[in-house]
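Please open the model in your viewer, switch on a cartoon view with side chains available on request, and keep the selection tool at hand. The tour moves from one selection to the next and says at each stop what can be found there.

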Amino acid sequence: DLMYIDSSTQRVGIGTSSPDNLLHIEGSGGSTYLRIVDIDSNAGDSAGILLSSTINYAKTLIAHVEDANEAGSHARGALVFALDAAADTNDVALTDEKMRITYDGKVGIGTTAPVGLLDIQGSVRVGEDDTGYDVMFYGDAASSNMTWDASADDLVLNDSRLYIDQDDDERGIYIDCDSTTYYGIEMYAKYGLFIQQNITNGRAAYFTRNIAEAGAAPLVSIV
C-alpha cells in the first residue's frame, strides 16, 4: 500500500505499513524527501512547518521564504527560523524571525539581509566563565592568529600586527592600569619604540604626572 492508516494508534504510514510515529514516511533509492510547496510564487511567499507542544497554537516556525527578486522565476529564497517569545495564544509569524540562511549561503542572526557568511547584529558571547576554552581567529596562515587564552586571561596576536587607524579627534590607544607592580606597557624588541609627529603644533611624546609624587622618584627613567 502507498498509504497505511493505523486506526488503533492514529498513525499514518507512507511507504510503510508499520508507522512508528503519527506520520511515518519511508522511501528507497537513497533519497527520501517531504515536499511542501506554495504554488503562488510571489515575493515573500513561504512554505514551512509550524511546531508546537500544545494543540492550540504554535510558537516555532521553520520556513522557506521566497526572495523579493525571485518572484515568478526560480523561487530562490531563504531558510527562516522564527520563534515567538510572547506568552500569548497567537501563532508564531515570519515577523518573529530570529535567524535565516540565504540562498547564497549567508547566515544572518538579528538581520534579514546578511552581508557576510555570518552576520550577527546584536550582542555576542563566546565561551563560558572559567572553563578554559580558548577562542581563536585565524589569518592567512595557521600561525597567524588572534587568540583569547582563557586560562591566562590574555589576548594574544601571534605572527600578526595590531593596526589602529584613528581618523577622529580621539585617542588611538587608551590604557588605564592600576597595577602597583607591573607597567602599563611592557615591550621586548630590538627597536623598542618609534614615535613620529605628523601633525603640527603637537608633541612626539608627552610625559606628566597627575599626582603629587613624594621623594625623588623620576618621571622617566632611561637605563
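Begin by selecting D159, which is found in the segment after β12, the strand made of residues 154-158. In this predicted model, D159 has a positive phi of about 50° although it is not a glycine. This is worth a pause, because most residues other than glycine have a negative phi. Is D159 buried or exposed? With a relative accessible area of 61%, D159 is exposed.

Next, select Q10, whose place is in the loop between β1 and β2. Q10 also has a positive phi, here of about 60°, and is likewise not a glycine. Colouring by accessibility should show Q10 as exposed, since its relative accessible area is 64%, which is over the 50% cut-off.

Keep Q10 in view and add the two strands on either side of that loop, β1 at residues 3-6 and β2 at residues 11-14, which pair in the antiparallel sense over four bridges. Together β1 and β2 make a hairpin with four residues between the strands, and Q10 with its positive phi belongs to this hairpin. To follow one of the bridges, select M3 and look across to β2, where its bridge partner is I14.

Now widen the selection to take in β3, and an open sheet of three strands appears in the order β1-β2-β3, with mixed pairing. Here β1 and β3, the latter at residues 23-25, stand at the edges with a single partner strand each, so one side of each is left without a neighbour in the sheet. From one strand to the next, the twist averages 15°. Between β2 and β3, which run parallel, there are three bridges; to find one of them, select G13, whose bridge partner in β3 is H24.

Move on to the six strands that form another open sheet, in the order β4-β5-β6-β7-β8-β9 and again with mixed pairing. Its edge strands are β4 (46-51) and β9 (118-120), each of which pairs on one side only. Neighbouring strands of this sheet are turned by 15° against each other on average, with direction ignored. At the β4 edge, select β5 as well, residues 60-66, and you will see that β4 and β5 pair in the antiparallel sense over six bridges, with L61 in β5 as the bridge partner of L50.

At the other end of that strand order, select T111, which is found in the loop between β8 (107-109) and β9. Which residues surround T111, once its neighbours within four places in sequence are left aside? They are E97, R100, D119 and Q121, with each of which T111 is in contact. T111 is buried, because its relative accessible area of 12% is under the 20% cut-off. Showing the side chain of T111 also reveals that it reaches the backbone nitrogen of A113 at 3.1 Å.

Continue to β10 (residues 135-138) and β11 (residues 145-149), which pair in the antiparallel sense over four bridges and form a hairpin with six residues between them. Select F137 and then its bridge partner in β11, which is M146.

For the last stop, select R203 and Y206 with their side chains shown. The charged end of R203 sits over the ring of Y206, 4.2 Å from the centre of that ring. If you then look for aromatic pairs, note that a search of the whole structure finds zero of them.

Definitions and conventions. Residues are numbered from 1 along each chain as its sequence is written. This is a predicted model: local features need pLDDT of at least 70, side-chain atom pairs count only at pLDDT 80 or more; totals for chains, interfaces and linings use all residues. Side-chain values use heavy atoms; hydrogens and water are left out. Rings of Phe, Tyr and Trp (its six-membered ring) pair if their centres lie within 6.5 Å; planes under 30 degrees apart count as stacked, over 60 as edge-to-face and the rest as tilted. A charge sits over a ring if NZ of Lys or CZ of Arg is within 6 Å of the ring centre and within 35 degrees of the ring normal. Two strands pair if DSSP finds at least two bridges between them. Axes are lines fitted to C-alpha atoms, for helices over the stretch in contact, and angles run from 0 to 180 degrees between N-to-C directions. Buried means under 20% relative accessible area, exposed over 50%, partly exposed in between (1.4 Å probe, protein chains only). A polar contact is a pair of N or O atoms within 3.5 Å; within protein, one must be able to donate a hydrogen and the other to accept it, and residues adjacent in sequence count only if both atoms are side-chain atoms. Contact means heavy atoms within 4.5 Å.
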